[in-house]
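Here's a quick briefing to read alongside the model. Have the sequence and the 3D view open, and we'll go topic by topic.

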Amino acid sequence: MIIGLVVVLLLCPCLGLAGWAFSQAGEDEDPIATPTMSAPADPTGQPTNEPTDEPSAAPTTAKPSPSRKVFAKGDCVVNDGTATDAELRKVPCGPNTYEVLLRIPGTTDGDRCKTRAPEATANYVHDNSLDFLDYVLCLKKR
């Protein structure tokens, strides 16, 4: 009984800390994270730089997230970095921006956008040293 109580008392703070860290995912810049942005592949498997859909100026139905560093469905971003070292920045939605269609937590598999958000024209992979802080953004060029 005492051993069980000790295990529970040690396990609760650890779970609380892990939950807090997960909720803070993306809040701070992580110098260890390696973000990348890529365009989808064409049917032959070669990457394409051309968007698969025409840019849309139609308003989005999702509300943008209030934080500057956390990206959510409905946010619009631009890449101030390169394709291999992306630096996304939130901007008002408009032409030549990327709209976040979906945020997939806990993965670095950008190909998941093909099935979960087939209208996506690009994706952003946030690869953190802690795997549970990884995420993928499925993006659509506007």
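Tyr124 and Tyr135 are both buried. Keep in mind that this is a predicted model. From those two tyrosines we'll move on to the strand around Tyr124, then the disulfides, and finally a couple of other spots.

**The aromatic pair**

- The count of aromatic pairs comes to one. Its members are Tyr124 and Tyr135, with ring centres 6.3 Å apart and planes at 45°, so the pair is tilted.
- Tyr124 sits in strand E5 and Tyr135 in strand E6, so the pair ties together parts that are eleven residues apart in sequence.
- Those two values are the ones to quote, because a pair of aromatic rings is described by the distance of the centres and the angle of the planes.

**Strand E5 and its partner**

- Is strand E5 enclosed or open? Five of the five residues of E5 (residues 122–126) are buried, so the strand is largely enclosed by the rest of the structure.
- Ala122, Tyr124 and His126 point one way from E5, while Asn123 and Val125 point the other way; all are buried.
- As background, in a regular strand the side chains alternate between the two faces of the sheet.
- E5 and E6 run antiparallel and are joined by five bridges. Within this pairing, Val125 stands opposite Val136 in E6.

**Disulfides**

- How many disulfides are there? The count comes to two. With the bonded cysteines of the protein chain numbered in sequence order, the pairing reads 1-2, 3-4.
- One disulfide is formed by Cys76 and Cys93, whose sulfur atoms are 1.9 Å apart. This link is right-handed, with 95° about the S-S bond.
- Cys76 lies in strand E2 (residues 76–79), and Cys93 in the loop between strand E3 (88–91) and strand E4 (98–105), so the pair ties together parts that are 17 residues apart in sequence.
- The two ends have their own settings: Cys76 is buried at a relative accessible area of 2%, whereas Cys93 is partly exposed at 36%.
- Another disulfide joins Cys113 to Cys138, at 2.0 Å from S to S. Its torsion about the S-S bond is about -90°, so this disulfide is left-handed.
- Cys113 belongs to helix H2 (residues 112–116) and Cys138 to strand E6 (residues 135–141), so this pair ties together parts that are 25 residues apart in sequence.
- Here Cys113 counts as buried at 4% relative accessibility, and Cys138 counts as buried at 0%.
- That puts E6 in several of these stories: as partner of E5, as home of Tyr135 and as home of Cys138.

**A nonpolar patch on the surface**

- Which residues form the nonpolar patch? Ile3, Val7, Leu11 and Leu15 do, and together they have about 420 Å² of accessible area on the surface.
- Leu15 is found in helix H1 (residues 2–23). Leu15 counts as exposed because its relative accessibility is 56%, and the cut-off for exposed is over 50%.

**Phe71 in its loop**

- Phe71 is found in the loop between strand E1 (36–38) and E2. Is Phe71 buried or exposed? Phe71 is buried, with a relative accessible area of 6%.
- Phe71 and Arg89 are 18 residues apart along the chain, and 9.2 Å separates their C-alpha atoms.

How values were computed:
Residues numbered from 1 in each chain as written. Predicted model: local features only at pLDDT ≥ 70, side-chain atom pairs only at ≥ 80, totals over all residues. Heavy atoms only, no water. Disulfide = S-S within 2.5 Å. Helix = DSSP H or I, 4+ residues; strand = E, 2+ residues; numbered from the N terminus. Buried < 20%, exposed > 50% of the residue type's maximum accessible area, 1.4 Å probe, protein only. Pairing = 2+ DSSP bridges. Patch = residues over 30% accessible without salt bridge, like charges linked within 9 Å, V, L, I, M, F, W, Y side chains within 5 Å. Areas by Shrake-Rupley, 256 points an atom, 1.4 Å probe, with all protein chains shown as cover. Salt bridge = Lys/Arg side-chain N within 4 Å of Asp/Glu carboxyl O. Phe/Tyr/Trp six-rings, centres within 6.5 Å; stacked < 30°, edge-to-face > 60°.
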